[in-house]
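Please look through the sequence and the structure shown here, and then follow the paragraphs below from one part of the chain to another.

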Amino acid sequence: MSLQRITQLLQRLTVSAPSPRPILSTWSSAVPSKCLMSHGGICPQVQQLLTPQRTPNPVSSVGICRNFHQSLQMPAYLEQWRIKEYTVIPIKMRRDGGRDPLTGRKMYKRRGGGHRRRFRMIDWHRVGPSEGPPFKEKVLSILYDPNRSARIAMVAGGAKKRYILATINMKEGDIIKTSAKIGRMTVVASEGDAYPVGAYPIGALVHNLEKYPGAGGTLVHSAGTSAQILRKAGGQVVLQLPSKRLISISETCMATYGRLSNEDHNQRILGKAGRSRWLGIRPKSGWKQKKGGWAGRKIKPLPPMKVYLDPKAKGTRIEGV
């Protein structure tokens, strides 16, 4: 058979869609109308088959009046952050690009792109024995963390390793101590040691502060920063944060001694626009915007001292304490 004959046969072929089959639950198209008219009406059995069976919509467990954005489920890529065990292995992280992880809307325009990063889990809890000798750990290495301005240190004690924030003079081979004991005399601490704030002398520089005992360090994490102990009274310790604000916390809250590393972080010069893109910082809009009175320097009084007494009553402000 010639090639021309095969081509003609293929052109004659037509592909038609299969005819839809009648749905069992809908008898209006499956039962002929003549059969219904010949019986002088519709019997109850046929009428029941003709009536479409509507299943009620399942009631959402989140409630009918709840906001739509609050009813959304957490995306699958956020489930990887629910890690139950601590690990020193860098974890893959998905960047948001300035978008809300739940709604997907653009929340910050100047964020996007940049070099890939991996997340290092920092152990913010420095838990030590309340009696007896302190817990000792050895500094294995000082590392760079792309997700924060200060350097981090990998320390090992017993059979476990963990990451902590590194201080200015911390180096490999140092032995750091952790204790929860408050003695009659103030401690003579080295950089990286962790004690309750009530155990330090007046004027000591600390970082990684706890607001409430056992809650983990949540204050003073940036490079080159530290908080200073001003006074002690009634089981409370008053400290001055890097922002010059005064806070009063319990004397049993843990804090790490020393000033954080990479103190010249705020004096670095990027040098070109491409380095900003490496960091995930997008350029500003090219439209010239005139600055108003908001751009001027304002000298405002410091807010009143913030006292942390009860974890349930956060943000209680008491003046003159």
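Arg95 counts as partly exposed in this predicted model, because its relative accessibility is 38%, a value that falls between the 20% limit for buried residues and the 50% limit for exposed ones. Along the chain, Arg95 sits in the loop that runs between strand E1 (91-92) and strand E2 (118-119). On the surface, Arg95 belongs to a patch of positive charge, in which it gathers with Lys92, Arg116 and Arg118.

Charged side chains can also be paired with partners of opposite charge, and this is the next thing to look for. How many salt bridges does the structure hold? There are four of them, and one joins the side chains of Asp123 and Arg162, with a distance of 3.0 Å from N to O. Because Asp123 lies in the loop between E2 and strand E3 (135-143) while Arg162 lies in strand E5 (residues 160-165), this pair ties together parts of the chain that are 39 residues apart in sequence. The two partners are covered to unlike degrees: Asp123 counts as partly exposed because its relative accessibility is 21%, whereas Arg162, at 9% relative accessibility, counts as buried.

A further salt bridge links Arg148 with Asp145, and here the closest N and O atoms are 2.8 Å apart. Asp145 has a relative accessibility of 0%, and therefore counts as buried. Lys171 and Asp174 form another such pair, with 3.5 Å between the closest N and O atoms, and in this case Lys171 is exposed, since its relative accessible area is 51%. Salt bridges can also share partners, and in this way Asp123, Glu137 and Arg162 are joined into one network.

From charged residues we can turn to nonpolar ones, beginning close to the start of the numbering. Leu3, Ile6 and Leu10 together make a nonpolar surface patch of about 320 Å². Leu3 is found in helix H1, which covers residues 3-12, and Leu3 counts as exposed because its relative accessible area is 67%.

It helps at this point to step back and consider the chain as a whole. The chain has four helices and 15 strands, and of its 321 residues, 26% count as buried. Its accessible surface comes to about 23,200 Å², and 55% of that surface belongs to carbon and sulfur atoms. If we take the contacts between residues at least 6 apart in sequence, 58% of them join residues that are at least 24 apart.

Pro196 gives an example of parts that are separated along the chain and yet meet in space. This residue has its place in strand E7 (residues 194-196), and it counts as buried because its relative accessibility is 1%. The C-alpha atoms of Pro196 and Thr252 are separated by 5.0 Å, although the two residues are 56 apart along the chain. Which residues does Pro196 contact, leaving aside its neighbours within four places in sequence? They are Ser179, Ala180, Lys181 and Ile182, together with Glu251, Thr252, Cys253 and Met254.

Leu246, which is found in strand E13, can be studied in the same manner. At 25% relative accessibility Leu246 counts as partly exposed, and, when residues up to four places away in sequence are not counted, it touches Leu230, Leu239, Gln240, Met305 and Lys306. Between Leu246 and Gln228, which are 18 residues apart in sequence, the distance from C-alpha to C-alpha is 9.7 Å.

The last topic is the backbone angle phi. Most residues other than glycine have a negative phi. Asn208 is not a glycine, and yet its phi is positive, at about 55°. Asn208 lies in the loop between strand E8 (205-207) and strand E9 (209-210), and it counts as buried because its relative accessibility is 8%. Lys244 likewise has a positive phi, near 70°, and its place is in the loop between strand E12 (236-240) and strand E13 (246-250). At 48% relative accessibility, Lys244 counts as partly exposed.

Definitions and conventions: Residues numbered from 1 in each chain as written. Predicted model: local features only at pLDDT ≥ 70, side-chain atom pairs only at ≥ 80, totals over all residues. Heavy atoms only, no water. Patch = residues over 30% accessible without salt bridge, like charges linked within 9 Å, V, L, I, M, F, W, Y side chains within 5 Å. Areas by Shrake-Rupley, 256 points an atom, 1.4 Å probe, with all protein chains shown as cover. Salt bridge = Lys/Arg side-chain N within 4 Å of Asp/Glu carboxyl O. Lys, Arg positive; Asp, Glu negative; His and termini not counted. Charge placed at Lys NZ, Arg CZ, Asp CG, Glu CD. Helix = DSSP H or I, 4+ residues; strand = E, 2+ residues; numbered from the N terminus. Buried < 20%, exposed > 50% of the residue type's maximum accessible area, 1.4 Å probe, protein only. Contact = heavy atoms within 4.5 Å.
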